[in-house]
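This report concerns the surroundings of bound ligands in one protein model. Please examine the sequence and structure shown here before reading on.

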Amino acid sequence: MNTLILADYQLNLDTSVYILLLVVFLAISCVAIFFLIRGIKRDRNRLIAEKYKIAQLDRIGLEDMLKHKYEIANEDTHFCVLLLQVHEVEKMKLSLGQKQVEKIFAVLKERLTRVIPRGSKICDYAPDMLAIYMEEDLDNIGLQTVATVCITECNKPVTLISRAKMTLAVNVGILAYNEFSPDAMSFVQNMELALVTAFKSGVNKYAIYSEELAETQTEAYRQYQEIRTAIAENQFVLYYQPIYDIAANRIMGYESLVRWQHPDLGLLTPDKFLPVMEQTGDINWIGVWAFDNMLAMQSKHIKEHPDHSNLIFSLNLSPKQLMWPHLAEEFRKIYKRYRIPAENICMEIVEFSIFDKVEEVSSNILKLSQMGFKIAIDDFGMEMSSLKLLEDRKFDWVKLDRSFIDKAQDDFLIGGVIETLIGYSKKNGFAVVAEGIEDEVTLNYLKGLGITYGQGYYYGRPQPPENYNL
Ligand code: C2E
Ligand code: MG
Ligand code: MG
């Protein structure tokens, strides 16, 4: 009887266990298949890269590697780098989203990996650029072939998440290691110059850096060479413009503004040379130079006038400068050499609205802000006038653009926007700075609105530091 009951029980137990096991087995299989598919998708690029023996690098890695290659270079050293820029990536990010753009770049990398020599290294050079390092001894024909093949791969249609197809436009700059690039820094600059040249010759074109290219280059290249000389010969200077506390009628700080003391053309304003420097990468140099120069001056001034120790000195940073992954770290190294409270230094940033869209930019700004520097939104105007853009962002000043203030005096709607902004600033603890005050009428208008700080020709033009006893 006992056995029978036991057998019965055993039978019942077995069935339920079987069912349970089956369910568990099916569940595990589903999860396993899910992870397998995800894993395969994720590792696809890596696996392909491994198959073709292509390593991945970031920009810092590439620059460090080039430095190292130069250090150990001998007559058997051969390598070349191809820099590839995809057109309109910013626009794509806005219309298709960051994720889709990442997928597009993953597709491009996968395709390029299949056509570049084994043992090459592929690098995310900038949000819209890839660099390919190849340890090959390629002559001009070889460089042309690689450039053409890479462009062809990029031009093949890419299928978007929506299944629509898209064709990309690119440009390529390419160069081989030789005596025309005597160090890693000039190698990087020449590689960017080749890309700039390709860009100028049209969509889907490449340019190989060579001495002839350097010689036959047009105006931009002449300027580029001039900029090199200007750097070597210290032709860049910083001018300073006072920023006033309007109610107290007292200087609260100075904005530094770069000038080029050109030997033939005289004093040049930034619009004449910063765009060229942005294209050639020299903008990174000017950022580091200007910060160091400004802090040296500020530190000297504080020592000579301890009662001026709370003056705030500000520096302009363009989005292109903020895309440089080393910026915040380079600034940290420079800042450490001076004894200036971080809150007496301000970083003026234009195109604030692109902050969140480019990772390097937001990361640099976060680091600069964490170091304790003030952050100013420069050139705030109509296109930025939605207060929504200010929400959830950490900053200390909003600098109103001159044209915005000019319009505000005749247009009560714009005047209303400024009044709202001032109310908002009081609640949220930031200061509003009016730029471009040229006359007393404008000053009185701004005083009436209760604006805290002001700057403009009325108070003082940008001038060499000694003119302000700095
Ligand atoms: P910004 O930062 O908005 O600088 C203010 C510009 O307005 C300066 O032009 C200044 O000379 C000019 N300004 C000041 N007060 C008045 C005024 O009352 N009336 C008029 N009409 N103009 C006035 P500047 O020096 O030509 O600089 C132009 C822009 O170049 C700057 O605009 C800034 O965005 C950029 N910049 C200047 N220096 C640097 C720098 O070291 N690095 C970077 N990345 N950008 C810089
Ligand atoms: Mg500024
Ligand atoms: Mg401005």
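The sections below treat the basis of the model, the ligand shell and the metal sites.

## Basis of the description

The model is predicted: local features require pLDDT of at least 70 and side-chain atom pairs count only at pLDDT 80 or more, whereas totals for chains, interfaces and linings use all residues. Residues are numbered from 1 along each chain as its sequence is written, chains are lettered from A and ligands numbered from 1 in the order in which they are written, and side-chain values use heavy atoms, without hydrogens and water.

## The shell around ligand 1

Ligand 1 is surrounded by 23 residues, of which Arg259, Gln321, Asp378, Glu438 and Tyr457 come nearest; a residue is counted if one of its heavy atoms lies within 4 Å. By class, the shell holds eight nonpolar, seven polar and eight charged residues. Here Ala, Val, Leu, Ile, Met, Phe, Trp, Tyr, Cys and Pro count as nonpolar, Asp, Glu, Lys and Arg as charged, and the others, Gly among them, as polar.

Polar contacts are pairs of N or O atoms within 3.5 Å. The side chain of Arg259 places an N or O atom 2.8 Å from an oxygen atom of ligand 1, and a polar side-chain atom of Gln321 lies 2.7 Å from a nitrogen atom of the ligand. For Asp378, an N or O atom of the side chain is 2.8 Å from an oxygen atom of ligand 1. Strand 10 (250-262), strand 12 (312-317) and strand 14 (374-380) are the elements that give two or more residues to this shell; strands are DSSP runs of E of at least two residues, and helices are runs of H or I of at least four, numbered from the N terminus. Strand 10 supplies the largest share, four residues.

## The two magnesium ions

Donors are N, O and S atoms within 2.8 Å of the metal (3.2 Å for Na, K and Ca); water is not among the atoms, so sites may look incomplete. The magnesium ion (ligand 2) is coordinated by Glu255 (OE), Asn316 (OD1), Glu348 (OE) and Asp378 (OD), at 2.0 to 2.2 Å. Asn316 lies in strand 12 and Asp378 in strand 14, so this pair ties together parts that are 62 residues apart in sequence.

The protein donors of the magnesium ion (ligand 3) are Asp378 (OD), Asp379 (OD), Glu435 (OE) and Glu435 (OE), at 2.0 to 2.4 Å. Asp378 bridges the two magnesium ions, which lie 4.0 Å apart.

Methods:
Polar contact = N/O pair within 3.5 Å; in protein donor to acceptor, adjacent residues only side chain to side chain.
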